[in-house]
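Here's a quick briefing to read with the model open beside you. Start with the structure itself, then work through the topics below.

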Amino acid sequence: MRTKQDLGAAIKRHRRAALVVNAHSRWGRHLYERACSLLVAAGFDLIGRYPVEQPAELESVLAAAADLGPDLLVAGGGDGTLSAAARLLAHRDIALGLLPLGTTNNFARTVGVPLDLADAVAVLSDGKVVDVDLGLAGDIPFTNHVGVGLSADIMLRTPPRLKRVTGRGAYPLTALALLARQRPLRATIRTGGAEHTFVTHQLYVANGGFHAGRPITADADADDRLLVAYPVGGPTRRGLLRDTLRNATSGHRRTLREEPFIAVGELWLETDQPARVEVDGELRGRTPLRIGLAANALRVMAPADTIDR
(Lines give C-alpha, C1' and ligand atoms only; values in the text may rest on other atoms or scores of the structure.)
Protein backbone atom coordinates (compact mmCIF):
# COMPACT_ATOMS: atom_id res chain seq x y z
CA MET A 1 0.00 0.00 0.00
CA ARG A 2 1.27 3.47 -0.85
CA THR A 3 2.30 5.91 1.84
CA LYS A 4 -0.09 8.75 2.60
CA GLN A 5 2.27 11.13 0.88
CA ASP A 6 2.45 8.98 -2.27
CA LEU A 7 -1.33 8.58 -2.35
CA GLY A 8 -1.79 12.32 -1.92
CA ALA A 9 0.68 13.00 -4.74
CA ALA A 10 -1.17 10.58 -7.02
CA ILE A 11 -4.47 12.35 -6.31
CA LYS A 12 -2.99 15.72 -7.18
CA ARG A 13 -1.20 14.41 -10.27
CA HIS A 14 -3.79 12.10 -11.86
CA ARG A 15 -7.05 13.41 -10.35
CA ARG A 16 -8.71 10.00 -10.75
CA ALA A 17 -11.86 10.03 -8.64
CA ALA A 18 -15.21 8.30 -8.36
CA LEU A 19 -18.25 10.10 -6.96
CA VAL A 20 -21.13 8.52 -5.02
CA VAL A 21 -23.91 10.79 -3.71
CA ASN A 22 -26.78 9.60 -1.55
CA ALA A 23 -29.73 11.31 -3.17
CA HIS A 24 -31.78 10.63 -0.02
CA SER A 25 -29.47 12.67 2.21
CA ARG A 26 -30.71 16.11 3.18
CA TRP A 27 -29.06 17.93 0.25
CA GLY A 28 -27.94 15.03 -1.95
CA ARG A 29 -30.44 15.17 -4.79
CA HIS A 30 -30.42 18.97 -4.88
CA LEU A 31 -26.63 19.31 -5.06
CA TYR A 32 -25.56 16.25 -7.07
CA GLU A 33 -25.16 18.04 -10.42
CA ARG A 34 -23.34 20.95 -8.80
CA ALA A 35 -20.96 18.54 -7.07
CA CYS A 36 -20.15 16.95 -10.44
CA SER A 37 -19.56 20.35 -12.01
CA LEU A 38 -17.32 21.58 -9.20
CA LEU A 39 -15.20 18.41 -9.25
CA VAL A 40 -14.74 18.58 -13.04
CA ALA A 41 -13.91 22.29 -12.80
CA ALA A 42 -11.27 21.41 -10.19
CA GLY A 43 -9.64 19.11 -12.73
CA PHE A 44 -10.86 15.74 -11.49
CA ASP A 45 -11.35 12.90 -13.95
CA LEU A 46 -14.60 11.34 -12.70
CA ILE A 47 -14.16 7.73 -13.78
CA GLY A 48 -17.52 6.94 -12.19
CA ARG A 49 -20.40 9.07 -10.92
CA TYR A 50 -23.38 7.61 -9.10
CA PRO A 51 -26.46 9.31 -7.63
CA VAL A 52 -27.97 6.65 -5.35
CA GLU A 53 -31.77 6.81 -5.33
CA GLN A 54 -32.41 3.68 -3.23
CA PRO A 55 -30.74 3.64 0.21
CA ALA A 56 -30.57 -0.17 0.15
CA GLU A 57 -28.23 0.08 -2.86
CA LEU A 58 -25.72 2.46 -1.26
CA GLU A 59 -23.19 -0.13 -0.09
CA SER A 60 -23.17 -2.03 -3.38
CA VAL A 61 -22.76 1.22 -5.36
CA LEU A 62 -19.87 2.30 -3.12
CA ALA A 63 -18.23 -1.08 -3.71
CA ALA A 64 -18.68 -0.74 -7.47
CA ALA A 65 -17.11 2.72 -7.36
CA ALA A 66 -14.12 1.42 -5.38
CA ASP A 67 -13.68 -1.45 -7.87
CA LEU A 68 -12.98 1.13 -10.59
CA GLY A 69 -9.63 1.74 -8.90
CA PRO A 70 -9.77 5.47 -8.14
CA ASP A 71 -7.16 7.12 -5.96
CA LEU A 72 -10.00 9.12 -4.37
CA LEU A 73 -13.56 7.97 -3.67
CA VAL A 74 -15.75 11.01 -3.03
CA ALA A 75 -18.85 10.30 -0.94
CA GLY A 76 -21.64 12.85 -0.64
CA GLY A 77 -24.29 12.52 2.02
CA GLY A 78 -24.84 12.51 5.75
CA ASP A 79 -23.01 10.67 8.48
CA GLY A 80 -24.63 7.34 7.60
CA THR A 81 -23.37 7.60 4.01
CA LEU A 82 -19.85 8.59 5.07
CA SER A 83 -19.78 5.82 7.65
CA ALA A 84 -20.72 3.26 4.99
CA ALA A 85 -17.92 4.58 2.76
CA ALA A 86 -15.45 4.46 5.66
CA ARG A 87 -16.31 0.81 6.40
CA LEU A 88 -15.64 -0.05 2.76
CA LEU A 89 -12.34 1.84 2.54
CA ALA A 90 -10.85 0.83 5.89
CA HIS A 91 -7.24 -0.39 5.41
CA ARG A 92 -7.42 0.18 1.63
CA ASP A 93 -5.21 2.18 -0.72
CA ILE A 94 -7.98 4.64 -1.59
CA ALA A 95 -8.59 7.98 0.13
CA LEU A 96 -12.10 9.01 1.14
CA GLY A 97 -13.26 12.46 0.07
CA LEU A 98 -16.09 14.04 2.05
CA LEU A 99 -18.96 16.11 0.69
CA PRO A 100 -21.09 16.89 3.77
CA LEU A 101 -24.67 16.87 2.49
CA GLY A 102 -26.46 15.55 5.57
CA THR A 103 -28.19 16.84 8.68
CA THR A 104 -25.47 17.04 11.34
CA ASN A 105 -22.30 16.18 9.35
CA ASN A 106 -20.37 15.13 12.45
CA PHE A 107 -17.56 13.29 10.66
CA ALA A 108 -16.87 16.16 8.26
CA ARG A 109 -16.76 18.57 11.21
CA THR A 110 -14.34 16.26 13.04
CA VAL A 111 -11.99 16.07 10.04
CA GLY A 112 -12.28 19.83 9.48
CA VAL A 113 -14.00 19.67 6.09
CA PRO A 114 -16.12 22.82 5.44
CA LEU A 115 -19.86 22.38 5.11
CA ASP A 116 -20.07 24.61 2.04
CA LEU A 117 -19.94 22.42 -1.06
CA ALA A 118 -17.44 24.53 -3.03
CA ASP A 119 -15.14 24.76 -0.01
CA ALA A 120 -15.37 20.99 0.54
CA VAL A 121 -14.35 20.38 -3.09
CA ALA A 122 -11.42 22.78 -2.58
CA VAL A 123 -10.22 20.50 0.24
CA LEU A 124 -10.30 17.55 -2.17
CA SER A 125 -8.25 19.54 -4.65
CA ASP A 126 -5.77 21.30 -2.34
CA GLY A 127 -5.79 19.28 0.89
CA LYS A 128 -3.74 16.31 2.01
CA VAL A 129 -4.26 12.65 2.86
CA VAL A 130 -4.35 11.92 6.59
CA ASP A 131 -5.27 8.78 8.48
CA VAL A 132 -7.84 8.66 11.28
CA ASP A 133 -9.07 6.04 13.72
CA LEU A 134 -12.27 4.08 13.28
CA GLY A 135 -14.29 2.75 16.18
CA LEU A 136 -15.33 -0.89 16.25
CA ALA A 137 -18.77 -1.81 17.59
CA GLY A 138 -18.20 -5.54 17.79
CA ASP A 139 -16.74 -6.02 14.31
CA ILE A 140 -18.60 -3.06 12.70
CA PRO A 141 -16.36 -0.04 11.98
CA PHE A 142 -17.80 3.39 12.73
CA THR A 143 -16.67 6.97 12.28
CA ASN A 144 -18.66 8.86 14.91
CA HIS A 145 -20.47 7.12 17.75
CA VAL A 146 -22.40 4.28 19.29
CA GLY A 147 -25.61 5.27 21.06
CA VAL A 148 -27.66 3.28 23.54
CA GLY A 149 -30.99 4.42 24.94
CA LEU A 150 -33.06 7.28 23.58
CA SER A 151 -30.87 7.89 20.50
CA ALA A 152 -31.59 4.42 19.13
CA ASP A 153 -35.33 5.11 19.37
CA ILE A 154 -34.79 8.52 17.77
CA MET A 155 -33.04 6.93 14.78
CA LEU A 156 -35.90 4.49 14.47
CA ARG A 157 -38.65 7.11 14.75
CA THR A 158 -37.39 10.39 13.23
CA PRO A 159 -39.35 11.07 10.01
CA PRO A 160 -37.05 11.68 6.99
CA ARG A 161 -39.23 14.60 5.93
CA LEU A 162 -38.71 16.27 9.31
CA LYS A 163 -34.92 15.98 8.85
CA ARG A 164 -35.12 17.56 5.40
CA VAL A 165 -37.26 20.44 6.65
CA THR A 166 -35.72 21.23 10.05
CA GLY A 167 -32.16 19.85 9.76
CA ARG A 168 -30.52 18.78 13.01
CA GLY A 169 -33.49 20.19 14.93
CA ALA A 170 -35.41 17.07 13.87
CA TYR A 171 -33.63 14.98 16.50
CA PRO A 172 -34.51 16.99 19.63
CA LEU A 173 -38.07 17.38 18.35
CA THR A 174 -38.39 13.61 18.00
CA ALA A 175 -36.72 13.10 21.38
CA LEU A 176 -39.29 15.29 23.10
CA ALA A 177 -42.09 13.26 21.54
CA LEU A 178 -40.54 9.96 22.68
CA LEU A 179 -39.35 11.00 26.12
CA ALA A 180 -42.70 10.70 27.89
CA ARG A 181 -42.63 6.91 27.54
CA GLN A 182 -38.87 6.37 27.80
CA ARG A 183 -37.53 4.46 30.84
CA PRO A 184 -33.98 4.98 32.11
CA LEU A 185 -31.49 2.14 31.77
CA ARG A 186 -28.66 0.98 34.01
CA ALA A 187 -25.51 0.91 31.90
CA THR A 188 -22.20 -0.56 33.04
CA ILE A 189 -18.90 0.19 31.33
CA ARG A 190 -15.93 -2.06 32.08
CA THR A 191 -12.44 -1.16 30.96
CA GLY A 192 -9.23 -2.63 32.32
CA GLY A 193 -9.74 -2.98 36.05
CA ALA A 194 -12.32 -0.18 36.30
CA GLU A 195 -16.11 -0.34 36.30
CA HIS A 196 -18.49 2.59 35.85
CA THR A 197 -22.27 2.35 36.26
CA PHE A 198 -24.78 4.98 35.18
CA VAL A 199 -28.55 5.16 35.42
CA THR A 200 -29.47 7.28 32.42
CA HIS A 201 -31.81 7.67 29.47
CA GLN A 202 -28.88 7.95 27.06
CA LEU A 203 -25.27 6.81 26.78
CA TYR A 204 -22.80 7.45 23.96
CA VAL A 205 -19.41 6.07 23.01
CA ALA A 206 -17.79 8.47 20.53
CA ASN A 207 -14.80 8.12 18.23
CA GLY A 208 -14.97 11.56 16.63
CA GLY A 209 -15.07 15.06 18.04
CA PHE A 210 -18.69 16.03 17.29
CA HIS A 211 -22.16 14.81 18.16
CA ALA A 212 -25.44 16.32 16.88
CA GLY A 213 -23.34 18.91 15.06
CA ARG A 214 -21.78 20.18 18.30
CA PRO A 215 -18.31 19.56 19.79
CA ILE A 216 -18.22 16.83 22.43
CA THR A 217 -15.21 18.41 24.14
CA ALA A 218 -12.46 20.77 23.07
CA ASP A 219 -9.93 17.91 22.88
CA ALA A 220 -11.83 14.96 21.34
CA ASP A 221 -11.08 13.95 17.76
CA ALA A 222 -10.80 10.89 15.51
CA ASP A 223 -7.01 10.67 15.55
CA ASP A 224 -6.19 10.32 19.26
CA ARG A 225 -6.50 6.52 19.82
CA LEU A 226 -9.32 7.15 22.29
CA LEU A 227 -13.00 6.40 22.61
CA VAL A 228 -15.06 8.78 24.73
CA ALA A 229 -17.92 7.24 26.73
CA TYR A 230 -20.40 9.49 28.51
CA PRO A 231 -24.00 9.47 29.75
CA VAL A 232 -26.38 12.32 29.04
CA GLY A 233 -28.29 13.06 32.23
CA GLY A 234 -29.25 10.75 35.05
CA PRO A 235 -32.45 8.82 35.78
CA THR A 236 -34.85 11.77 35.36
CA ARG A 237 -36.17 13.28 32.17
CA ARG A 238 -35.33 16.72 33.51
CA GLY A 239 -31.69 15.66 33.89
CA LEU A 240 -31.61 14.45 30.29
CA LEU A 241 -32.97 17.76 29.01
CA ARG A 242 -30.57 19.74 31.22
CA ASP A 243 -27.49 17.81 30.11
CA THR A 244 -28.52 17.85 26.45
CA LEU A 245 -28.65 21.64 26.61
CA ARG A 246 -25.40 21.79 28.58
CA ASN A 247 -23.56 19.60 26.06
CA ALA A 248 -24.87 21.66 23.14
CA THR A 249 -23.72 24.96 24.63
CA SER A 250 -20.52 24.09 26.51
CA GLY A 251 -18.85 21.22 24.63
CA HIS A 252 -16.20 23.49 23.14
CA ARG A 253 -15.14 24.55 26.66
CA ARG A 254 -14.94 21.11 28.31
CA THR A 255 -12.11 18.57 28.28
CA LEU A 256 -11.83 14.79 28.44
CA ARG A 257 -10.47 15.05 31.99
CA GLU A 258 -13.82 16.29 33.30
CA GLU A 259 -16.72 14.18 34.50
CA PRO A 260 -18.61 12.33 33.20
CA PHE A 261 -16.25 11.52 30.31
CA ILE A 262 -14.39 8.18 30.22
CA ALA A 263 -11.57 8.22 27.64
CA VAL A 264 -10.22 4.73 26.89
CA GLY A 265 -9.04 2.57 24.01
CA GLU A 266 -11.50 -0.28 24.52
CA LEU A 267 -14.52 -1.04 26.71
CA TRP A 268 -17.29 -3.52 27.39
CA LEU A 269 -20.82 -2.10 27.58
CA GLU A 270 -23.80 -3.87 29.10
CA THR A 271 -27.23 -2.77 30.31
CA ASP A 272 -29.71 -4.13 32.86
CA GLN A 273 -31.90 -5.26 29.97
CA PRO A 274 -30.84 -5.74 26.33
CA ALA A 275 -31.07 -2.31 24.71
CA ARG A 276 -31.07 -1.24 21.06
CA VAL A 277 -27.72 0.00 19.76
CA GLU A 278 -27.36 2.57 17.00
CA VAL A 279 -24.03 2.87 15.21
CA ASP A 280 -23.58 6.12 13.28
CA GLY A 281 -27.34 6.47 13.02
CA GLU A 282 -28.08 2.88 11.94
CA LEU A 283 -29.67 0.30 14.25
CA ARG A 284 -27.10 -2.47 14.81
CA GLY A 285 -28.31 -5.03 17.33
CA ARG A 286 -28.46 -4.83 21.11
CA THR A 287 -26.30 -4.75 24.20
CA PRO A 288 -24.05 -6.23 25.57
CA LEU A 289 -21.29 -5.06 23.24
CA ARG A 290 -17.51 -4.73 23.03
CA ILE A 291 -16.39 -1.40 21.58
CA GLY A 292 -12.80 -0.89 20.46
CA LEU A 293 -10.61 1.02 18.01
CA ALA A 294 -8.85 0.41 14.72
CA ALA A 295 -6.03 2.96 14.87
CA ASN A 296 -5.27 4.92 11.66
CA ALA A 297 -7.60 2.61 9.74
CA LEU A 298 -8.98 5.16 7.26
CA ARG A 299 -7.29 7.52 4.82
CA VAL A 300 -9.24 10.70 4.19
CA MET A 301 -8.72 14.03 2.45
CA ALA A 302 -8.43 16.84 5.00
CA PRO A 303 -7.42 20.52 4.91
CA ALA A 304 -3.74 21.07 4.20
CA ASP A 305 -3.05 22.44 7.69
CA THR A 306 -4.51 19.41 9.51
CA ILE A 307 -2.26 17.95 12.21
CA ASP A 308 -1.80 14.25 11.38
CA ARG A 309 -0.66 12.11 14.32
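Which residues are exposed on the other side of helix 10? They are Arg 238 and Leu 245, where exposed means over 50% relative accessible area, buried under 20% and partly exposed in between (1.4 Å probe, protein chains only). Keep in mind that this is a predicted model, in which local features need pLDDT of at least 70 and side-chain atom pairs count only at pLDDT 80 or more, while totals for chains, interfaces and linings use all residues. Residues are numbered from 1 along each chain as its sequence is written, and side-chain values use heavy atoms, with hydrogens and water left out.

**Helix 10**

- Helix 10 takes in residues 237–250; helices (H or I, at least four residues) and strands (E, at least two) are DSSP runs, numbered from the N terminus.
- Its 14 residues should span 20 Å at 1.5 Å a residue, and the end C-alpha atoms of helix 10 are indeed 20 Å apart; the expected span is 1.5 Å times one less than the number of residues.
- Gly 239, Leu 240, Asp 243 and Ser 250 are the buried residues of this helix.
- They sit on the same side of helix 10, because they cover an arc of only 130° around the axis (the arc of the directions from the helix axis to the C-beta atoms).
- Thr 236 caps the N-terminal end, with a side-chain oxygen 3.0 Å from the backbone nitrogen of Gly 239.

**The second largest pocket**

- This pocket holds about 360 Å³ of space.
- There are 22 lining residues, and the closest to the pocket centre are Thr 110, Val 111, Asp 221, Ala 222 and Thr 306.
- On a 1 Å grid over the protein atoms alone, a pocket is an open set of points where a 1.4 Å probe fits, with protein on both sides within 12 Å along at least five of seven lines; lining residues have an atom within 4 Å of a point.
- Helix 5 (106–111) and strand 5 (128–137) each give at least two residues to the lining.
- Sorted by class, the lining has 10 nonpolar, five polar and seven charged residues.

**Two side chains to look up**

- His 145 is in strand 7 (residues 145–149) and is buried, at 8% relative accessible area.
- The His 145 side chain makes a polar contact with the side chain of Glu 278 at 2.9 Å; such a contact is a pair of N or O atoms within 3.5 Å, one able to donate a hydrogen and the other to accept it, and residues adjacent in sequence count only if both atoms are side-chain atoms.
- Asp 67, in helix 3 (residues 58–67), is exposed at 65% relative accessible area.
- Asp 67 and Arg 2 are 65 residues apart along the chain, and their C-alpha atoms are separated by 17 Å.

**Backbone oddities**

- Most residues other than glycine have a negative phi, and most peptide bonds are trans.
- A cis peptide bond joins Glu 259 and Pro 260, with omega about 5°; Pro 260 is in the loop between helix 10 and strand 14 (262–264).
- Thr 287 and Pro 288 are also joined by a cis peptide bond, with omega about 5°, and Pro 288 lies in the loop between strand 17 (282–286) and strand 18 (289–302).
- Arg 225 has a positive phi, near 60°, and counts as partly exposed at 31% relative accessibility.
- Asp 280 has a positive phi too, near 50°, but counts as buried at 4% relative accessibility.

Note on methods: Grid points are joined across faces, edges and corners, and a volume is the space filled by probe spheres set on the points. Ala, Val, Leu, Ile, Met, Phe, Trp, Tyr, Cys and Pro count as nonpolar, Asp, Glu, Lys and Arg as charged, and the others, Gly among them, as polar.
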